[in-house]
Amino acid sequence: MTQDVFVLWNQCAAILRDNLTATVYKMWFASLQAVDYTDDVLVLRVKSQFVAEYIEENYIDLLSRVIWRVFGEKTRLEYRVLVDSTSGAVATYPSEQRTVNPLSQQTSAAALNTQWDARLNTKENFSTFIKGESNKLAYAAGMAIAAEPGKTIFNPLFIYGGSGVGKTHLANAIGNEILTINPKAKVLYVSANTFKLQYQEAAQKNCIPDFLAFYQQVDVLIIDDIQFFAGLKGTQDTFFHIFNYLHQSRKQLILTSDRSPLQLRDVEERLLTRFKWGLSVEIQRPEYDLRRNILLSRVHRDGLQLSDEVVEYIARHACDNIRDIEGVLASLMAYSTLMNRDVDLNLTQEVVARLVKVQPKEVMAEDVIGAVCEHLNLTEKAVLGQSRQREVVRARQLVMYLLKRLTTRSLSEIGAAVGHRSHATVIHTLNTVSDQLEYDRVLKHDVALLEEALTR
């Protein structure tokens, strides 16, 4: 037996470790040894016939797929068991290997290509994705990935931002572009909730290996709203193994979330670490120019007639997310048709008032800093400086928290406004203040007074 057999079996063992829990691997697979590989027959030494039978009954599908992947699709498996320790007698048992070889060109490869459902929204593509300052980095990364999925440094691509800012649209656009370039690519879009339900069903039916095998054949996996994995240990553990397998195989992973990896709660640290391997990019709330361009695009697409003042009013006031803009447009058309009214500024103001929170004039960073300094009797120089005095730190935290609540600034912009603090510092500060507000009555009172003073 050559050294190559040991090397190849070690590769199999690594894949098995990534696709099984630590307990299962240690109990059933850690003791397996490759002792021979001749004429496409791989012989594994096992401690007892019971171990061989248990693997055959519960894990042969996974084991077969791994062996075929590493040793070749013609490989057959046998177990060698020591039956008499005194004489050294052994017995050999052939594996049943019931699974149809997924690597065989004569079996399911053609069927998979014709039956594969990417589950993408074909209307959400790059041609309908409007670019702006708030999404240009995410857009550029998406285009690079679409050209060479799995081959860029953006793997995984972790897209985060508030609801309705275009995360799902961009994720679908990347998948659709990949299929345009390579129609045979196995792209799969799935929501985190759907993945969870699939995993639970597989666990109930005792077919986790089949569940893993399905996801391991994907070339590009898109998981939407990954934050819904929070607290789901079994789902997270299974996704961890799928993530490892795909990443090691240089397959592309695209994840979306309503918050950054640093802000995710009840998610295992080993997953959070992997989420940060590639590029984490925020899509911020759309700025005025982007909102206006999106609005004009929808108006042109639907053949609508809106005056410039109506377009400007909607773009100015429906500023939280793109869904608000689309909701206002749909409601305007409904009101105009059902009530036989022209779409003028008066009707627009009525509709906007019903659907979105009309934003007051923009709160400036210097206003927030000045109000906090005056309220706490501190100097601006101290708050924006490096002092670690308790009252100064408290003031600095208040400024960051109020800037996040009362303005549309990104986390990076907030950090820059408060003495050039880092993105991570701002996130930590926001989490700290949010936690303290649950029990600190003085802090809660300060926040309420300052918000009222800054927004009236």
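I looked up glutamine 397 and found its place in helix H18; helices (H or I, at least four residues) and strands (E, at least two) are DSSP runs, numbered from the N terminus. I noted that this is a predicted model, where local features need pLDDT of at least 70, side-chain atom pairs count only at pLDDT 80 or more, and totals for chains, interfaces and linings use all residues. Residues are numbered from 1 along each chain as its sequence is written, and side-chain values use heavy atoms, with hydrogens and water left out.

Is glutamine 397 buried or exposed? I entered it as buried because its relative accessibility is 17% (buried means under 20% relative accessible area, exposed over 50%, partly exposed in between, with a 1.4 Å probe and protein chains only). Leaving aside neighbours within four places in sequence, I listed Thr429, Thr432, Val433 and Gln436 as its contacts (heavy atoms within 4.5 Å).

I went on to H20, residues 423-436. This helix has 14 residues and reaches 20 Å from first C-alpha to last, close to the 20 Å expected (1.5 Å times one less than the number of residues). I noted Val426, Ile427, Thr429, Leu430, Thr432, Val433 and Gln436 as its buried residues. Their cover includes H18 (390-406), H19 (411-417) and H21 (441-455).

Next I checked the cores. A nonpolar core is a set of buried Ala, Val, Leu, Ile, Met, Phe, Trp, Tyr and Cys residues joined through side-chain atoms within 4.5 Å. I found 59 residues in the largest one, with Trp9, Phe29, Leu63, Leu221, Ile223, Phe239 and Phe275 having the most contacts inside it. Helix H4 (residues 60-71) gives the largest share of this core, seven residues. A second, separate core has 27 residues, including Val363, Ile369, Val399 and Ile427.

I then took leucine 221. Not counting residues up to four places away in sequence, leucine 221 touches, among others, Tyr215, Phe239, Ile242 and Leu246.

I also examined H9 (residues 208-216) against H10 (residues 233-248). Which residues of H9 meet H10? I recorded Phe211, Leu212, Tyr215 and Gln216 in H9, facing Thr238, Ile242, Tyr245 and Leu246 in H10. I counted six nonpolar, two polar and no charged residues in this contact (Ala, Val, Leu, Ile, Met, Phe, Trp, Tyr, Cys and Pro count as nonpolar, Asp, Glu, Lys and Arg as charged, and the others, Gly among them, as polar).

Last, I looked at threonine 92, in strand S4 (residues 89-94). I entered threonine 92 as partly exposed because its relative accessibility is 40%.

Key:
Axes are lines fitted to C-alpha atoms, for helices over the stretch in contact, and angles run from 0 to 180 degrees between N-to-C directions.
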